[in-house]
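Colleague: Got a minute to walk me through this model? I'd like to start with the contacts and then jump around a bit.

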Amino acid sequence: MAALDQLAPLDELDRHLIDAFQRGLPLCERPFAAMAERVGASEAQVIERLQTLQQCQVLSRVGPVFDHARAGASLLAAVAVPDAERDRMAEVINRSPGVNHNYAREHDFNLWFVMTAADEGRLEARLDALEEELGVPVLRLPMLEGFHIDLGFPIPWAELEVS
Amino acid sequence: MSVSTCPSEPMAATVSDGLDDLDRALIVATQAGLPLVPDPWGAVGKPLGLDGNEVRARMQRMQDSGVIRRVAAVPNHYRLGYVANGMTVWNVDDAHIQRLGREVAAITGVSHCYRRPRHLPEWPYNLFVMLHGRSQAEVESQAEALRELLGDACRDHRILYSSRILKKTGLRLARRPGPPR
């Protein structure tokens, strides 16, 4: 598997950084120095490792994870379109302002996307406009309640090494 | 009904969740990640005319209010072996959904767990649970465990695998919204 090539050079320090800080890092003046102290490395080492981990996409970023629902209005939406039209419809959705995710899924509702806007009024307006352009009803599934525990994921280091 | 200083609709209120122009500018400046330098706060603040302490205080405030869930090293789970994911949707008895939603969210492999509205008759599902596993078989066994946990409170469920990612970008907050009407 291609990903393993990239993961091969990960060592103790890399793993320690990911395991220890995927659920949060201190918002102190010198966060990378604080991380360094915790993992027994220097600040420069930590910064260099984080850069490398980002470059090989083991980390998608080091930074804030925003709650989309609180930083603007957003909504999960779906449409059911004929398979033959799916790609064309997907293009229309992707071009539509405010769409930030779009997945084809195996169901009658076969296109699933997230629509965002600065506020609720604009969100509805965008969905109405898209609905008209697509010519099919858009299933609107706003989040009513979020159940968050955020345990992070146990990274299967041992399994990744095999092969 | 709402007055300009205090929008009363719950969804509109999220927009003005105590965020001002500078907070929005900070979201835009950090949503793709912090600069990996010894003083990331100072580096982020400089073009905005803020010093590092002010940036840090604002980030802390956004974290306290829930706009920021956490500031973290964010792993790319796909790269780390979680190659299978399934959006599972469940038709759960409304009387028990809060208790069950919390229990479901605590299960390993669950990244998101949300209550959403049903749209009958075509869409009877009110609980959305995103599952991540190292294989499709693992996702299926997670779903099976969920079904057992939900028991009689669940009438029906589906696993919707993604067959293609057609677009994926992070949060994009480009402009400040206008004042509420």
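Modeller: Sure, starting with chain B: among contacts (heavy atoms within 4.5 Å) between residues at least 6 apart in sequence, 63% join residues at least 24 apart. Bear in mind that this is a predicted model, where local features need pLDDT of at least 70, side-chain atom pairs count only at pLDDT 80 or more, and totals for chains, interfaces and linings use all residues. Residues are numbered from 1 along each chain as written, chains are lettered from A and ligands numbered from 1 in the order written, and side-chain values use heavy atoms, leaving out hydrogens and water.

Colleague: What pattern does chain B follow along the sequence?

Modeller: It runs α-α-α-α-β-β-α-β-β-α-β, which comes to 6 helices and 5 strands. Those are DSSP runs numbered from the N terminus: helices are H or I with at least four residues, strands are E with at least two.

Colleague: And how much of chain B is buried?

Modeller: 46% of its 181 residues. Buried is under 20% relative accessible area, exposed is over 50%, and partly exposed is in between, using a 1.4 Å probe and protein chains only.

Colleague: Switching topic: how many aromatic pairs are there over all chains?

Modeller: There are 5. Rings of Phe, Tyr and Trp (its six-membered ring) pair if their centres lie within 6.5 Å; planes under 30 degrees apart are stacked, over 60 edge-to-face, and the rest tilted. Take Phe109(A) and Trp123(B): the ring centres are 5.7 Å apart with planes at 90°, so that pair is edge-to-face.

Colleague: Where do Phe109(A) and Trp123(B) lie?

Modeller: Each is in a loop between strands E3 and E4 of its own chain, so the pair joins two chains. Both residues are buried. Ring pairs also link them with Trp112(A), Tyr125(B) and Phe128(B) into a cluster.

Colleague: What lies over the face of Phe128(B)?

Modeller: Arg116(B), at 5.1 Å from the ring centre. The rule is NZ of Lys or CZ of Arg within 6 Å of the ring centre and within 35 degrees of the ring normal.

Colleague: How many disulfides over all chains?

Modeller: The count is 0, with a disulfide being a pair of cysteine sulfur atoms within 2.5 Å.

Colleague: Why no bond for Cys113(B)?

Modeller: Its sulfur is 12 Å from the closest cysteine sulfur, in Cys154(B), and that is too far for a bond. Cys113(B) is also buried, at 0% relative accessible area.
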